[in-house]
Amino acid sequence: MEKIPVSSTGKLLRVNLSSKEISQESIPFHVYRDYLGGRGAGAYYLLKELAKGVDPLSEDNKLVFFTGPVIGTLAPGSNKVSVTFKSPLTNTYSMSLCGGFWGPELKFAGYDALIIEGKSEKPVYLWIDNGEVSLKAAEHLWGQLIPKASDEVKKELGNDNTIRVACIGPAGEKLNKMACITADRHREFGRGGAGAVMGSKNLKAIAVRGTGEIQMSQKGKMASLVKTLYQEFKGHPKANARTRYGTVEMLEGINNLGFWSTRNFSQGYFEGGEKLVGPKMRDDIVVSDASCYACPIGCGKNARVYYKGSRVHLEGPEFETVGLLGANCGVDDWESILKATEICDYYGMDTMAVGATISFAMECFEKGIIGLKDTDNIELKFGNGDALVSLAEKIANRDGFGDLLAEGVKIASEKLNAQDYAMHSKGLPLATYDPRGCKGMALTYATSPKGAHHMISPTMGAEIPGDRFAEEGKAGLVKDTQIQMALVDSLGFCSTMRFVLSVDKQQQLLELGSGLEISKEDMFKIGERILNIERLFNIREGFNRKDDTLPNRFLKEVIKEGLSAGHSINLEKMLDEYYQVMGWDRNGIPEESKLAELNISQFGNK
């Protein structure tokens, strides 16, 4: 058997839903050496195996689940698993990461990776019980909401609480392009429409149980380092704030600086934000805390409200959800925000994309582009919490006006001839940071391979203490941050761990766990290689400089008030600088010399 990292299983499980063939194969060592795992290895397999021009919702698309080499070890935050696929929302390369326990469980069951391909004739779910793998009928589960379907799958498999279930809801079944895959009821493979791809394959759920142990190269030294790191987390003020308030701890700072998306990015400050800040959330709606596997922080918050007399109890909401279902829709009451979040969670939809799409519709309504006859008589004004809830439910069910919006904001805006109000890049809605108030985020959104995703390169932390409005020089920061995120995502760490886990610390944990000795210079080379193969996938699909863009609102309109007032974005100049530091030509195509330097010339010119 070929050499594999000590903390990995070396095995890939492949399930073809068309032929019902289930097989197991070895993962070559060069995959770990060149891509580590997770996001990097997923991108490698997708580029290698998916033909050019595949319809994302056809049986030819694939779902590539990949764990990282540190997942399931003692390392802090070693719980993120990725799924890689061609997105039905953007038609680009896409990947989404999920925390919790499902990823570690897949590894405990004996697999580093799982590839789903083909399409089942009838609804099924996949059951991975250590080395025993089978497909089971799921027609009776089709149409069920995620909590009920997840519980039913567990019940059928013996009601063992150690079983972890990743499941889609009715939104995924109805090919809603904002549909996600939900693991353990509260953790999502959220952005890009992975749930629609799973629905198109008639796959309702993937249940996993594993009893294996993850071996470590130097377990004693690993335990000692982990103990030290936990102490560092305990004394870190940012980690402590996140423990108490979750990701919502960021809200007050971003809002006060004037770049919190408000009313479909028409403003950068939300006057209702003071009702939604971390301490208010903690006092008003949080009932307990929650955590993922091996997490020293525990940013999950269980919250409870009553909406029109009915109890809403869920895990969350996190910062992006509050931003896009709240401020960006002008809504400042917890009851409406949590009810809309519950609908997204139960039906299986990305709260960020749904919030951005509803805010787009609200602006169209306010400007008279659509009226009550178009919206099924819903008065879609900013700040109308009941309209937010009603429209979220319509999108989930593809009911009436919701059927159009379920196609995503890009297609909906084209059909309504209202593209100027659709805040997306490559079809993926922006996160809740207005890039006019933090210019590195403009490049992040524009050049992200999966569309406007903030976590491809969250530069805010580095920009805010300096000149956040500067454009010159941000290309280098964005490149470095993109590389660091590619490493975190490929190793399998939660990105929140970066408060304490520098690349040096990640490198140490990788070596103590896997035995892989990779220099810091080579680590950065791996990150750059991952960015380039993601780019090559999109180039093969016809994407180039023309697609690395932002909505006109950010390029032509300045923010009118607050601490980011007077700023728009000169994107073309920033793009030129970015392509130069990346070693890409003026059209955004990697130069042959760059591909040779990264040892990926075989993927060029395809």
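The paragraphs below walk through a predicted model, beginning with a sheet and moving on to the nonpolar cores, the salt bridges and the cysteines.

A good place to start is the open sheet of six strands, whose order is 8-7-12-9-10-11 and whose pairing is mixed. As general background, the strands of a sheet pair through backbone hydrogen bonds, and they may do so in parallel or antiparallel fashion. At the edges of this sheet stand strand 8 (132-137) and strand 11, each of which has a single partner strand, so one side of each is left without a neighbour in the sheet. On average, and ignoring direction, neighbouring strands here are turned by 20° against each other.

Strand 7 is a useful strand to follow in detail, as its pairing with strand 8 and its pairing with strand 12 can both be traced. With strand 12 (residues 203-209), strand 7 (residues 124-129) runs parallel, and six bridges join the two. Within this pairing, Val124 has Leu203 of strand 12 as its bridge partner, while Leu126 is matched with Ile206 of strand 12. With strand 8, by contrast, strand 7 runs antiparallel, again through six bridges, and here Ile128 stands opposite Val133. Strands 7 and 8 together form a hairpin with two residues between them, and Asn130, which lies in the turn, has a positive phi of about 55°.

Where do the side chains of strand 7 point? In a regular strand, side chains alternate between the two faces of the sheet. In strand 7, Val124, Leu126 and Ile128 point one way, whereas Tyr125, Trp127 and Asp129 point the other way, and all are buried. Since six of the six residues of strand 7 are buried, this strand is largely enclosed by the rest of the structure. Helix 4 (residues 146-156) packs on the sheet, where it touches strand 7, strand 9 (164-167), strand 10 (181-183) and strand 12, and its direction makes about 140° with that of strand 9.

From the sheet we can turn to the nonpolar cores. The largest of them has 151 residues, and those with the most contacts inside it are Leu380 and Tyr433. Helix 13 supplies the largest share of this core, namely ten residues. Leaving aside residues up to four places away in sequence, Tyr433 touches ten residues, among them Met250, Phe259, Phe319, Glu320, Tyr445 and His454. A second, separate core has 31 residues, including Leu63, Cys98, Leu114 and Met198.

Helix 13 (residues 351-366) is also the place of Glu363, a residue that counts as buried at 3% relative accessibility. Beyond its close neighbours in sequence, up to four places away, Glu363 touches Arg263, Asn264, Phe382, Tyr421 and Arg553.

Charged side chains deserve a paragraph of their own. In general, side chains of opposite charge can pair when their charged atoms come close. The count for this model comes to 51 salt bridges. One of them joins Glu49 and Arg14, whose closest N and O atoms are 2.8 Å apart; this pair links distant parts of the chain, with Glu49 in helix 2 (residues 38-49) and Arg14 in strand 1 (residues 11-16), 35 residues apart. Glu49 is partly exposed, at a relative accessible area of 22%, whereas Arg14 is buried, at 12%.

Another salt bridge is formed by Arg187 and Glu315, with an N to O distance of 2.3 Å. Arg187 belongs to strand 11 (residues 187-189) and Glu315 to strand 15 (residues 310-315), so this pair ties together parts that are 128 residues apart in sequence. Both Arg187 and Glu315 are buried. A further salt bridge brings together Asp576 and Arg545 at 2.8 Å, N to O. Asp576 lies in helix 23 (residues 571-582), and Arg545 in the loop between helix 21 (520-540) and helix 22 (552-556). Asp576 is partly exposed, with 30% relative accessibility, but Arg545 is buried, with a relative accessible area of 9%. Salt bridges that share partners also join Arg14, Glu25, Glu49, Lys62 and Glu117 into one network.

How many disulfides does the structure hold? There are zero. For Cys295, the nearest cysteine sulfur is that of Cys292, 6.2 Å away, and because a disulfide requires two sulfur atoms within 2.5 Å, Cys295 is in no disulfide. Cys364 is likewise in no disulfide, the nearest cysteine sulfur being that of Cys329, 12 Å away. Cys364 is buried, with a relative accessible area of 0%.

Technical notes. Residues are numbered from 1 along each chain as its sequence is written. This is a predicted model: local features need pLDDT of at least 70, side-chain atom pairs count only at pLDDT 80 or more; totals for chains, interfaces and linings use all residues. Side-chain values use heavy atoms; hydrogens and water are left out. Buried means under 20% relative accessible area, exposed over 50%, partly exposed in between (1.4 Å probe, protein chains only). A salt bridge is a side-chain nitrogen of Lys or Arg within 4 Å of a carboxyl oxygen of Asp or Glu. Helices (H or I, at least four residues) and strands (E, at least two) are DSSP runs, numbered from the N terminus. Contact means heavy atoms within 4.5 Å. A nonpolar core is a set of buried Ala, Val, Leu, Ile, Met, Phe, Trp, Tyr and Cys residues joined through side-chain atoms within 4.5 Å. Two strands pair if DSSP finds at least two bridges between them. Axes are lines fitted to C-alpha atoms, for helices over the stretch in contact, and angles run from 0 to 180 degrees between N-to-C directions.
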